[in-house]
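Let's walk through this model together, starting with one residue and working outwards. Have your viewer ready to colour by accessibility.

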Amino acid sequence: SEVVRKTNSGIVVTGNAETLGRGIRDLLLDHDLMLQMGLNGRRIVRERFTWEVIAKKMEDAYNASLLT
């Protein structure tokens with residue numbers, strides 16, 4: 001939820017079905033916001049969660065553990 005809030009890539013909903021419904025309604029009523037959040041989300045996934053990025057983080061962690 002922290003990544004979603006910081007990157008404006010979606011709406012974080014806590015609580016109940018009514019809160020979820022309001023979040024969905026708000027996005028459906030604001031096409032520009034929905035589009036921007038979708039683009040932001042896609043960008044974040046491409047930057048942080050590709051196999052290349054994950055493999056590099058794992059390699060760095062492994063190498064760091066060898067140094068200690």
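**Starting from Glu 18**

Glu 18 has a relative accessibility of 56%, so it counts as exposed, the cut-off being over 50%. Keep in mind that what you're looking at is a predicted model. Glu 18 has a partner, too: its side chain makes a salt bridge with Arg 22, and the closest N and O atoms sit 2.8 Å apart. Both residues belong to helix H2, with a spacing of four residues, or about one turn of the helix. Arg 22 itself is partly exposed, because its relative accessibility is 35% and that class runs between 20% and 50%.

Stay on the charged side chains for a moment. Arg 25 and Asp 26 also meet in a salt bridge, at 3.1 Å from N to O. Arg 25 is partly exposed at a relative accessible area of 43%, and Asp 26 is partly exposed as well, at 36%.

Now jump to helix H4, which covers residues 51-67. Here Lys 56 and Asp 60 pair up in a salt bridge, 2.9 Å from N to O. Why are these two separated by about one helical turn? They are four residues apart in helix H4, so about one turn of the helix lies between them. Lys 56 has a relative accessible area of 44%, which makes it partly exposed, and Asp 60 falls in the partly exposed class at 37%. In total, the count for the protein comes to five salt bridges.

Glu 59 is another residue of helix H4, and with a relative accessible area of 44% it is partly exposed. It's a handy marker for getting a feel for distance: Glu 59 and Arg 25 are 34 residues apart in sequence, and their C-alpha atoms are 43 Å apart in space.

How does the charge add up over the whole protein? There are 10 positive and 9 negative side chains. The centres of those two sets lie 1 Å apart.

Next, look for the nonpolar side of the story. Ile 11, Val 13, Leu 20, Ile 24, Leu 28 and Met 34 form a nonpolar patch on the surface, and together they offer about 500 Å² of accessible area. Which helix gives the most to this patch? Helix H2, spanning residues 17-29, does, with three residues. Ile 24 is a patch member that lies in helix H2. Is Ile 24 buried or partly exposed? Its relative accessible area is 44%, so Ile 24 counts as partly exposed. That value is also over the 30% a residue needs to join a patch.

Finally, zoom out. The protein has four helices and zero strands, so if you read the elements from the N terminus on, the order is simply α-α-α-α. For overall dimensions, the C-alpha trace spans about 50 × 25 × 15 Å along its principal axes. The radius of gyration is 17 Å, whereas a compact globule of 68 residues would come in near 11 Å. Buried residues make up 9% of the 68 residues. As for the surface, the protein exposes about 5700 Å², and carbon and sulfur atoms supply 60% of that area.

Notes
Residues are numbered from 1 along each chain as its sequence is written. This is a predicted model: local features need pLDDT of at least 70, side-chain atom pairs count only at pLDDT 80 or more; totals for chains, interfaces and linings use all residues. Side-chain values use heavy atoms; hydrogens and water are left out. The radius of gyration is taken over C-alpha atoms; the globule rule is 2.2 Å times the number of residues to the power 0.38. Buried means under 20% relative accessible area, exposed over 50%, partly exposed in between (1.4 Å probe, protein chains only). Accessible areas come from the Shrake-Rupley method with a 1.4 Å probe; for residues, only the protein chains shown count as cover. Lys and Arg count as positive and Asp and Glu as negative; His and the chain ends are not counted. The place of a charge is taken as NZ of Lys, CZ of Arg, CG of Asp or CD of Glu. Patches are made of residues with over 30% relative accessible area and no salt bridge: like charges are joined within 9 Å, nonpolar side chains (Val, Leu, Ile, Met, Phe, Trp, Tyr) within 5 Å. A salt bridge is a side-chain nitrogen of Lys or Arg within 4 Å of a carboxyl oxygen of Asp or Glu.
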